[in-house]
Amino acid sequence: MSDKLEGESRSVALEALAAEGWQMVEGRDAIAKSFRFGDFVDAFGWITRVAIHAEKANHHPEWSNTYNRVHVVLTSHDVKGLTDRDVKLARKMDALARG
């Protein structure tokens, strides 16, 4: 279990993620981003690579896939809000999307 992000560390993390296109989810302590890929195979391949990292971290995203788009929501359900686990997974997702 992780602690909720608060204070300066939260501000710094969210500012960096916002620069990468992550947005706060209205009505929830969660972040979201939509990723676009060349085609379905690229999108599904990215999902598979992220799933391996998520499983190792025991932290599983909320996501949906339509053809070449993947919409992701990250939050830590055990603390009902954002934690360092969400930030780390968001950064990993961005890195994997860049290739």
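Start with Asp94 and the company around this residue. Setting aside neighbours within four places in sequence, Asp94 is in contact (heavy atoms within 4.5 Å) with Glu20, Trp22, Lys33 and Phe35. Asp94 sits in helix H3, residues 84-98; helices here are DSSP runs of H or I with at least four residues, strands are E runs of at least two, and both are numbered from the N terminus. Is Asp94 buried or exposed? Asp94 counts as buried because its relative accessibility is 4%, where buried means under 20% relative accessible area, exposed means over 50%, and partly exposed is in between (1.4 Å probe, protein chains only).

A word on what you're looking at: this is a predicted model, where local features need pLDDT of at least 70, side-chain atom pairs count only at pLDDT 80 or more, and totals for chains, interfaces and linings use all residues. Residues are numbered from 1 along each chain as its sequence is written, and side-chain values use heavy atoms, with hydrogens and water left out.

Now follow Phe35, one of the contacts of Asp94, into the aromatic rings. Rings of Phe, Tyr and Trp (its six-membered ring) pair if their centres lie within 6.5 Å; planes under 30 degrees apart count as stacked, over 60 as edge-to-face and the rest as tilted. That rule gives six aromatic pairs. One of them joins Phe35 and Phe37, stacked at 6.4 Å centre to centre with 15° between the planes. Phe35 is buried at 6% relative accessibility, and Phe37 is buried too, at 12% relative accessible area. Phe35 also pairs with Trp46, this time tilted, at 4.6 Å centre to centre with 35° between the planes. Phe35 belongs to strand E2 (residues 31-36) and Trp46 to helix H2 (residues 40-57), so this pair ties together parts that are 11 residues apart in sequence. Step back and you'll find ring pairs linking Trp22, Phe35, Phe37, Trp46 and Trp63 into a cluster.

Next, the sheet that E2 belongs to. Four strands make an open sheet in the order E1-E2-E4-E3, with antiparallel pairing; two strands pair if DSSP finds at least two bridges between them. E1 and E3 stand at the edges with a single partner strand each, so one side of each has no neighbour in the sheet.

Let's walk across it. Strand E1 (residues 23-24) is joined to E2 by two bridges, and the bridge partner of Met24 is Ile31 in E2. Six residues lie between the strands in the hairpin of E1 and E2, where Gly27 takes a positive phi near 85°. E2 then pairs with strand E4 (residues 69-74) over six bridges. Here Ala32 stands opposite Val73, and our old friend Phe35 has Val70 as its bridge partner in E4.

On the far side of E4, strand E3 (residues 62-66) pairs with E4 over five bridges. Ser64 stands opposite His71, while Thr66 is the bridge partner of Arg69. The hairpin of E3 and E4 has two residues between the strands, and Tyr67 takes a positive phi near 50° there.

Tyr67 has another part to play. Together with Phe40, Val41 and Phe44, Tyr67 forms a nonpolar patch on the surface, with about 430 Å² of accessible area in total. Patches take residues with over 30% relative accessible area and no salt bridge, joining like charges within 9 Å and nonpolar side chains (Val, Leu, Ile, Met, Phe, Trp, Tyr) within 5 Å. A salt bridge is a side-chain nitrogen of Lys or Arg within 4 Å of a carboxyl oxygen of Asp or Glu. The areas come from the Shrake-Rupley method with a 1.4 Å probe, and for residues, only the protein chains shown count as cover.
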